[in-house]
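Let us walk through this structure one contact at a time. Keep the sequence and the 3D view open side by side.

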Amino acid sequence: MNLRFIYLSRNLTRNPLRTVLTCLAVALPIIIYVLSMSVVDGLQAFLDNSAKQLRLAITQKTSIINPLPAGHRAKIEALDPTHQRILAVCGLRYIGGQRPGEPVPLSTLAVDHDSFVAALPENNLTPEEIETWNKDRQALMVGRGTAEDMGWKVGDQVTIYPSIPPYVNIQFRVVSTLPNATDIITNWCRRDYMEEVLREAYPEADENDERFNKVTFFFVRCASQADIDYYRQKIDEQFRGSPDETKTQDEKTFMSEFITQQFDLPKNLTILSALTVLVAVLAAANTMSMNFRDRINEIATLKSLGFGGGLAFALIQSESLLLCGMGGLIGSLGPYIAFNHTGLRNITLPVIQTLNIMPFTCMKAMGIAIAIGIFCGHVAGLARLPHESRFGASGLGITHGFAADLQLAQPLCTKAQHGADIFCGGRCGRRARCFAVVHRRHKGVASCGRFIAQHHRADGRRDCRKHEHYLPRRRGKTRSDAGHRARFLGFPDDQPGTLRANIDSPPGPRGQTGQRRDSRCRSGGMAGAYRNENHRGPSFF
């Protein structure tokens, strides 16, 4: 297997808990994003469907909570005596309600039974249902979602306790569960029956009492969009200056304002989605930065072995993409499967009825997860390394096992076979560090070079100490080069010191077992250097 894939797989599996938590940290915001956007898409689909019905909604000018006289219906119908442009006018009165002793709210509206079928054709009533509706004054049409939740079926006698006066139990008979209707939640009853209940509840009230003959709003179904635009202004002009002035809007605008006043869900959910994506970015960026800093030593080793900076960046980027991709896959497919292929698909919600997770929403979520992975990989990969990592691999705590893995995956040097001794692990004094630069490839041929120095603080001043360094045999010229000290270490040039290096190599052609070279360092910052003649200088970060 390619070395890059080996290294990537080991990075992901070396700390399984961190990998799992990182995926979940990305998946949870993606889940919230998918659910929020699905609700917003459901609301938009509901509003688009409302616009297709070619209906006007007429409310009281000051507020929808103020009712309108039921007599406005005749005046509105009189605007089109031919009934070719205004197809139906239906008054609706909100009842709400709940079953006695149960807190579950119901959405119930009392409507003009004679114009209900023409004004709301999306209920798709059968002739038998229409006939029963017109004959039975206690008729109740129940949305199929509500019927399933309540256990109601056709022919059942049900009791509803209204949310508005009169606060008395009202008996209804279920005549249909609206199997073909687009609205699966709302219940419909006859307004003339509600008027009877009101008069029975308030027998002392006279005929002109304001509690009678009132509607919450009117639906006016028109023949075309041009008629919608015309009667939107014409109806308001008809009642301008009267005690009950009207506000006429198309149904989509009316529903949009109602949703905004009650919940403002589109705006709030959009903000929530943006915040959750930001949380995912912060979580992933923080995790990838931690992973990167934990592997500085290994990346330094890879660079010292001749791998370029592009490889290290590609590994970091690949890991970030893989983690965020797995989190995005979990976060997008989870809600899609749960709400489309399990019992959760039967859950009913206000206004949008059911929550449909669309494939396009999941694709957008995956795209966001991949974008998060790219961004976080760049944040971690382009971060500036600490000062200690710029001197190569030695002294940074690289294990021999890691070196052996790299050697097995790809030969390091063609001129000499190196064992576990290729990394210098020497220590001297306190806070001493040894730095070595190993293997660099030139024109496709591997060569071996060494650059050795040590530095530590002793008694408050910088100094170079004697130390034994065991290195492989070095073929070619060796020389001392103290000129690299300022460029690589940046130490001052005013402290004397000594370095002694021991070169212990495999037997040569004449049986030499090694050689020892001593050199005086010219400063406390750089002790000395041994280089191969073909070595063009170490590759640092």
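Start with Arg-73, which is buried because its relative accessible area is 17%, under the 20% limit for that class. Keep in mind that this is a predicted model.

What does the side chain of Arg-73 meet in a salt bridge? The partner is Asp-114, at 3.2 Å from N to O. In general, side chains of opposite charge can pair when their charged atoms come close. The Asp-114 and Arg-73 pair links distant parts of the chain. Asp-114 sits in helix α4, residues 113–119. Arg-73 sits in helix α3, residues 72–77. The two are 41 residues apart. Asp-114 counts as exposed because its relative accessibility is 51%, and the class begins over 50%.

The pair belongs to a wider set. Arg-73, Glu-77, Arg-93, Asp-112, Asp-114, Arg-191 and Glu-195 are linked in a network of salt bridges. Across the structure there are 21 salt bridges.

Move on to Arg-85, which forms a salt bridge with Asp-227. The closest N and O atoms are 2.7 Å apart. Arg-85 lies in the loop between α3 and β3 (86–94), and Asp-227 lies in helix α8 (residues 225–238), so this pair ties together parts that are 142 residues apart in sequence. Is each partner buried or partly exposed? Arg-85 is partly exposed, at a relative accessible area of 31%. Asp-227 is buried, at 6%.

A further salt bridge joins the side chains of Arg-211 and Asp-209, at 3.0 Å from N to O. Arg-211 is partly exposed, with a relative accessible area of 32%. Asp-209 is buried, with 17%.

Now turn from charge to nonpolar packing. The largest nonpolar core has 64 residues. Those with the most contacts inside this core are Leu-92, Phe-116, Met-141 and Trp-188. Which helix gives the most to this core? Helix α2 does, with ten residues. Another core lies apart from this one and has 17 residues, among them Ile-95, Met-150, Ile-170 and Cys-189.

Look closely at Trp-188. Leaving aside residues up to four places away in sequence, Trp-188 touches a set of residues that includes Leu-92, Phe-116 and Met-141. Its contacts also include Leu-109, Val-111, Leu-120, Trp-133 and Leu-178. Polar residues appear in the list too, including Asn-123 and Asp-183.

Next comes Ser-163, in the loop between β6 (157–160) and β7 (170–176). Ser-163 is partly exposed, with a relative accessible area of 40%. What does Ser-163 touch, not counting residues up to four places away in sequence? The contacts are Ile-95, Gly-96 and Gly-97. Ser-163 and Gly-96 are 67 residues apart in sequence. In space, their C-alpha atoms are 5.3 Å apart. The side chain of Ser-163 also reaches the backbone nitrogen of Gly-97, at 2.8 Å.

Finish at the surface. Leu-17, Val-20, Leu-21 and Leu-24 make a nonpolar surface patch of about 380 Å². Val-20 is placed in helix α2, residues 16–52. Val-20 counts as partly exposed because its relative accessibility is 46%. Helix α2 thus appears twice on this tour: it holds Val-20 of the patch, and it gives ten residues to the largest core.

Methods. Residues numbered from 1 in each chain as written. Predicted model: local features only at pLDDT ≥ 70, side-chain atom pairs only at ≥ 80, totals over all residues. Heavy atoms only, no water. Patch = residues over 30% accessible without salt bridge, like charges linked within 9 Å, V, L, I, M, F, W, Y side chains within 5 Å. Areas by Shrake-Rupley, 256 points an atom, 1.4 Å probe, with all protein chains shown as cover. Salt bridge = Lys/Arg side-chain N within 4 Å of Asp/Glu carboxyl O. Helix = DSSP H or I, 4+ residues; strand = E, 2+ residues; numbered from the N terminus. Buried < 20%, exposed > 50% of the residue type's maximum accessible area, 1.4 Å probe, protein only. Core = buried A, V, L, I, M, F, W, Y, C linked by side-chain atoms within 4.5 Å. Contact = heavy atoms within 4.5 Å. Polar contact = N/O pair within 3.5 Å; in protein donor to acceptor, adjacent residues only side chain to side chain.
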